[in-house]
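This briefing is meant to be read with the sequence and the three-dimensional model side by side. Please look through both before going on to the points below.

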Amino acid sequence: MKHFLAFLCLLESILQAFPECTVPASDFQLEGDYLIGGLIDIHHVSAPVYQDRPEATDCSSQLFLIPNYRRFQLMRFTVEEINNSTNLLPNVSLGYEIFDHCSDVQNFPGIFQLISVNGLIQPWGEPQKNLSKVIAVVGPFSSTNALTVSPLFMMDLIPMVSYGAAASAFSEKKKFPSFLRTVHSNKDIIGVIVNIILHFNWRWVAFLNSDNDYGSDGRDLFVKRIRDTKICLAYTNDLNDNTNYSSMFKQIEAQRVPIIIVFAPKMTAEALIESAVQLNITDKVWIAGDTWSLNKNLRKKEGIKNIGTVLGVSQPVVTIPGFNDFIYSSKNQTHCENAEQNMFCNQVCNCSSLTADDILTADPSFSFPVYSAVYAIAHALHNALQCGAGRCNENITVYPHMVLAELKTSHFTLLNLSIEFDENGDPKYGSYSLVFWNSSGDAEKIGFYKFHPSLHFFINNTKIQWHSNGQVPTSQCSEECPLGYAKIQNGIHNCCFNCLVCRNGTYINSTEDPYNCIPCKETEWSAEGSTSCSLRVVEYVSFTDSGAILIMVGAWVLVGLTLAVSVLFAINYNTPVVRSAGGPMCFLILGCLSLSSLSVFFYFDKPTLSFCILRFLPFLLFYTVCIACFVVRSFQIVCIFKMAAKIPKLHSWWMKYHGQWLVITVAFVTQALLLVIGYSYAPPRPYNDTFWYPDKIILGCDISIKATTGSIVLFILLCSLCFIFSYMGKDLPKNYNEAKAITYCLLLLILIWIIFATEHMLYHGKYIQTLNALALLSSLYSFLLWYFIPKCYIIIFQPKKNTPQYFQGLIQSYTKTISQ
């Protein structure tokens, strides 16, 4: 017995020499007056779990994530800090029950545990009794997890405050009435990414997203956000475990896309970037979402510098006082191995080998969202319990929907940051940091994007060390067109285009419409490749123009000469020269020549409707009479010397019924009717000629071919008959030359209008009107000078040839010649 007691004492001394082994309460549970549920994916199911029978996934056997374990410890620390506070929830203790939510679709036991009491869930319609002490839930982190489990909490309006679920669908309060979050939605982070792209004037980008609710939502928001910008989505792809990275990067290289946006969770992004390093993908700009922009493993990975430049959008890293001490304190405790034997499903960590430094040096992303989520619930409970003056009202029974109501209106300050939710349950507060992975492997802050109280975006370009020799990389499907060129879209993307120079008379306004050349107004002009139009110079021949003055003087001279010839012929009316020239018909011809000259005066000054009509009407009408007179005159000459001898009856009929005047009258009336009908149908109108000179407007008159065809045909017909009859009298006596004179005048007339037609084809300037008037005046002078003036010369200077005896001698001599 004595030896046995000695043995016991020795054993006791030996046991006292070893450190005490404590069996502390689980890290996953803490008793309190009110419980906060926690859904944090400490482990992650990286591949689908196939089972033969329905059973929950054992999270502890899956991939352990240190950054998520840090968030788990942060939630524990936050609850402990609130419980130690004398201002927030005095005399009320908070507890928690946290579950390792490692799977998207196979983690329901923990959810049921939170909403049940003693393993039973109260049906709807039952009085509120035996309710769970859980008043709110923090988490889960991913959008897919939140979408899967949120309906179970929504039905009883249990507040869910997520610290990472960013899908835009959660902003729809009809579907998710009790869902709030302390991170901004995908809509906001996509807005930041688009601002980065616009800041560097990138146009041609690829968007790689995870094949889940988070990534698909981000892609859809990005496509919608760039719709009214110059950014084009050249390539997009969903990333999953079966992604063929080699084929994907070949397609990106084929599209020549230098900017790659990666909108995916941490593990998916790691697999992508590691593949890019292995496949030697270089010279790219990678834009990281907030899920992996602070990833320390990737930043330190060998070969990461070769892939190009990495820019990222991250949650701002907020230092939380006291958290480091909490981690060191908890890790210094010695736990027994059997401490976790009685834990509920997925409340086992297997993380005893972690040191405090491992936790504190992990990715700090989403730390403050966890911290602020717990504090938001605590403040809401504080208000629901009407806490104040060091105590809370113990007579109030708080239900989850009461906490939800207070959460929606909560507004408090945490670490000098304002915490408040909008009507969609999204945070009004906060900002994003813009980071750059520098050569030292650090995520260096280069800018920020602040949301409240107003949007403020800033990037310090000088801090970025670009992979392209310090120059900002360019990203365009097609090079920008030079000035004066329009874009012709090539394919489905408006960033891909060919360049086409805008032709004369059009211009391009690249700010308003870079794809279409805009026609100039009729009063404007532009050269090829112009960006604006200039006013055209309006040109016409004025009355003061030297050419116009000379022609008008020539017209007055013509009128004077016709008057003088008329007087001379009137004095010598009964002489053979006047009688052979046509007698009374000469005065009609001279009068019509004078009236035809009126058209000359309307070719000058600005054209009007009346000016355009009078340019052609007097000439066509009265010159037709002149030609008709010469037709009759040439016909009479032929009849006198040929037809009188061979067909005397025809000659007598012609003389008896005054055939010459009948023909002239018919020609005049016919031309008058044709002109009236034609001008009634389509009168000549003022016309601005902008075709031949791009910088000028030539004022003229537009003549309808259809309206004047009849008049011109009649005119040509008379000229042709006149030429035929006059040519038939070419063998008349040499000195009796009326037929020869008419033929010569007609040849001269034809030559004048051939010359004018040639000029009209070669020259289209304002002086074409002057040339037209000159041709018209020359036509009048051709008959005056070559038909009437020679006769005036005989009358004045050779009166001996103006006797009946002289003319009878010529006729007798010609008659003898014909009879022989």
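What follows is a description of sheets, helices, cores and one loop residue.

The model shown here is a predicted one. Among its elements are an open sheet of six strands and another open sheet formed by three strands, and its largest nonpolar core holds 62 residues.

**The six-stranded sheet and its helices**

- The strands of this open sheet follow the order β1-β5-β2-β6-β7-β8, and their pairing is mixed.
- At the edges stand β1 (29–30) and β8, each of which pairs on one side only.
- Strand β6 (residues 134–138) pairs with β7 in the parallel sense over two bridges, and within this part of the sheet valine 137 has methionine 160 of β7 as its bridge partner.
- Helix α3 (residues 108–115) packs on the sheet, where it touches β2 (34–40), β5 (94–100) and β6, and its direction makes about 160° with that of β5.
- Helix α4 (residues 143–154) lies across β2, β6, β7 and β8, and it runs at about 155° to β7.

**A residue in the loop between β7 and β8**

- Serine 171 is placed in the loop that lies between β7 (160–162) and β8 (179–181).
- Is serine 171 buried or exposed? Its relative accessible area is 18%, and because buried means under 20%, serine 171 is counted as buried.
- When neighbours within four places in sequence are left aside, serine 171 is in contact with Arg181, Asn424 and Asp426.

**The three-stranded sheet**

- Here the strands form an open sheet in the order β25-β27-β26, with mixed pairing.
- Both β25 (537–539) and β26 (685–689) stand at the edges with a single partner strand each, so one side of each is left without a neighbour in the sheet.
- From one strand to the next, the twist averages 30°.
- Strand β25 runs parallel to strand β27 (residues 696–702), to which three bridges join it, and the bridge partner of glutamate 539 in β27 is isoleucine 698.
- Strands β26 and β27, by contrast, run antiparallel and are joined by five bridges, with proline 686 standing opposite cysteine 701 in β27.
- A hairpin leads from β26 to β27 through six residues.

**Two helices that cross**

- The axes of helix α7 (residues 245–254) and helix α8 (residues 266–278) come within 10 Å and cross at roughly 70°.
- Angles from 65 to 115 degrees count as roughly perpendicular, which means that α7 is roughly perpendicular to α8.
- On the α7 side the contact is made by Tyr245, Met248 and Phe249, while on the α8 side it is made by Thr268, Ala271, Leu272, Ser275 and Ala276.
- Sorted by class, the contact of α7 with α8 has six nonpolar, two polar and no charged residues.

**The nonpolar cores**

- In soluble globular proteins, nonpolar side chains tend to be buried together.
- Which residues of the largest nonpolar core touch the most other members? They are Met75, Leu89, Leu94 and Leu385, out of the 62 residues in this core.
- Helix α12 (residues 367–384) supplies the largest share of this core, namely 12 residues.
- Leucine 385, leaving aside its neighbours within four places in sequence, is in contact with Tyr34, Leu89, Val92, Cys392, Asn393, Ile396 and Val398.
- A second, separate core of 61 residues includes Ile627, Phe630, Leu777 and Phe788.

Conventions:
Residues numbered from 1 in each chain as written. Predicted model: local features only at pLDDT ≥ 70, side-chain atom pairs only at ≥ 80, totals over all residues. Heavy atoms only, no water. Axes fitted to C-alpha atoms, helices over the stretch in contact; angles between N-to-C directions. Helix = DSSP H or I, 4+ residues; strand = E, 2+ residues; numbered from the N terminus. Parallel < 35°, antiparallel > 145°, perpendicular 65-115°, else oblique. Contact = heavy atoms within 4.5 Å. Nonpolar A, V, L, I, M, F, W, Y, C, P; charged D, E, K, R; others polar. Pairing = 2+ DSSP bridges. Core = buried A, V, L, I, M, F, W, Y, C linked by side-chain atoms within 4.5 Å. Buried < 20%, exposed > 50% of the residue type's maximum accessible area, 1.4 Å probe, protein only.
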